[in-house]
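I opened the model today and kept notes as I went. The entries follow in the order of looking up.

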Amino acid sequence: MKVKGLGYILVETTDLDKWNEYGQEVCGFMKHPELSNDSTLCLKIDEAPYRFSIQKGSADKYLLAGFELENQQALDDAKSQLQSSDVEFEDLTPEVCSERLIEAGITLSDPAGNTLELYINRNEDKEVFVSPQGISGFITKNLGFGHVVYATLNIEETHDFYKDVLGFGDSDITDLKMSPNPEDPPMRLYFMHCDNPRHHSVAMMQAPTPPSGLIHTMVEVENIDDVGKALDRALARDIHISSTLGRHENDGMLSFYMQTPAGFDLEFGYDGKQPDWEQHETTYSDRPSVWGHEFTPPG
Ligand SMILES: [Fe+2]
């Protein structure tokens, strides 16, 4: 199976106004004027209709990720692959396809319990992206919009699923020493790419799944000043800064992390590597960052 990229995520919220303020005033995302309504906030960051669909509900949590496939043939091939791998899936209903602005797709679960959608032919949007905070642009072209990072104790089965069934490749495998006791095993993280140059579209860490359902998602801007200005806006609004600025070892991303209203983090980055997968050999890292990235849990 060839997955083109991460297309969208859905988030449930008890407070749509809070997400509206966070999305527009802190992140610089654009509220889609026509697709948003009293129960759904559609946040746009590029030419796609939206990348974040925030839906009013009874909890604050991540719901699912949608991944793009090339065309109908790729979707048919994906279904055959899932069938031969004994993975259950269902066609997305016409109502769901219309909400996502896609022609067709399927829904399934990964072994960690995350809901995934695989879709084809998302509608073009006549609305032009203009950041309410003057961000010049988010880097998404032929890369998907960013990445999602899951936590699961079922990490080996989940990793095998992304590799053997969905066709992702290992970009980097990191073993992190979490304890001063050398006898304690390290925590494993798999960073995986799909069929585009983004270093990783999915990563998973060996840890219990948090109540928000997600560790973090990531967006990437075109210049470092847009990272610094986003950090200023977050600080000015007392948004919890989950991690200081830093540069990651494996994807080279210069970024900071801040908490979203759903409890998971948003990594706001710049300058991520785009490896040539024909030449790339899986790297093995033993530290998350070259410098910085001092994490602080919410107090
Ligand atoms: Fe990240």
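How many bridges join strand β11 to β12, and do they run parallel or antiparallel? I found 4 bridges between β11 (residues 187-193) and β12, in the antiparallel sense. Strands here are DSSP runs of E, at least two residues long, and helices are runs of H or I of at least four, numbered from the N terminus. Two strands pair if DSSP finds at least two bridges between them.

Before going on I noted the conventions. Numbering starts from 1 along each chain as its sequence is written. The model is predicted: local features need pLDDT of at least 70, side-chain atom pairs count only at pLDDT 80 or more, and totals for chains, interfaces and linings use all residues.

**Entry: β12 and its partners.** I looked up V202 and found M192 of β11 as a bridge partner. V148 also stands opposite V202. V148 belongs to the pairing of β9 (residues 147-152) with β12, which is parallel and has 5 bridges. I then checked burial, where a residue is buried if 20 or more other C-beta atoms lie within 10 Å of its own, exposed if 12 or fewer, and partly exposed in between, with C-beta atoms placed from the backbone. In β12 (residues 202-206), 4 of the 5 residues are buried, so the strand is largely enclosed by the rest of the structure.

**Entry: the sheet.** I traced an open sheet of 10 strands with mixed pairing, in the order β17-β10-β11-β12-β9-β13-β16-β15-β14-β18. β17 and β18 (289-292) are the edge strands, each pairing on one side only. I read an average turn of 20° between neighbouring strands, direction ignored. Axes are lines fitted to C-alpha atoms, for helices over the stretch in contact, and angles run from 0 to 180 degrees between N-to-C directions. At the β17 end, β10 (residues 169-176) pairs with β17 in parallel over 3 bridges, and T174 is opposite S285.

**Entry: helices on the sheet.** Contact means that two C-beta atoms, placed from the backbone, lie within 7 Å. I found α4 (residues 155-165) packed on the sheet, touching β9, β11 and β12, with its direction at about 165° to that of β12. α5 lies across β13 (216-221), β14, β15 (254-259) and β16, and runs at about 20° to β15.

**Entry: positive phi.** I looked for positive phi in residues other than glycine, and D238 has one near 55°. D238 sits in the loop between α5 (224-236) and β14 (241-248). D238 has 7 other C-beta atoms within 10 Å, so I list it as exposed. D271 has a phi near 75° and lies in the loop between β16 (265-270) and β17 (283-285). D271 counts as partly exposed because it has 18 C-beta neighbours inside 10 Å. D86, just after α2, takes a positive phi of about 60°.

**Entry: domains.** The domain assignment, which is automatic or from a database, gives domain 1 (5-122) and domain 2 (147-292). Their centres, taken over C-alpha atoms, are 20 Å apart. I found 26 residues of domain 1 in contact with 30 residues of domain 2. On the domain 1 side, β1 (5-13), α1 (16-26), β5 (61-68) and α2 each supply at least two residues.

**Entry: α2.** I checked the span of α2 (residues 72-84): its 13 residues reach 18 Å from first C-alpha to last, close to the 18 Å expected. The expected span is 1.5 Å times one less than the number of residues.
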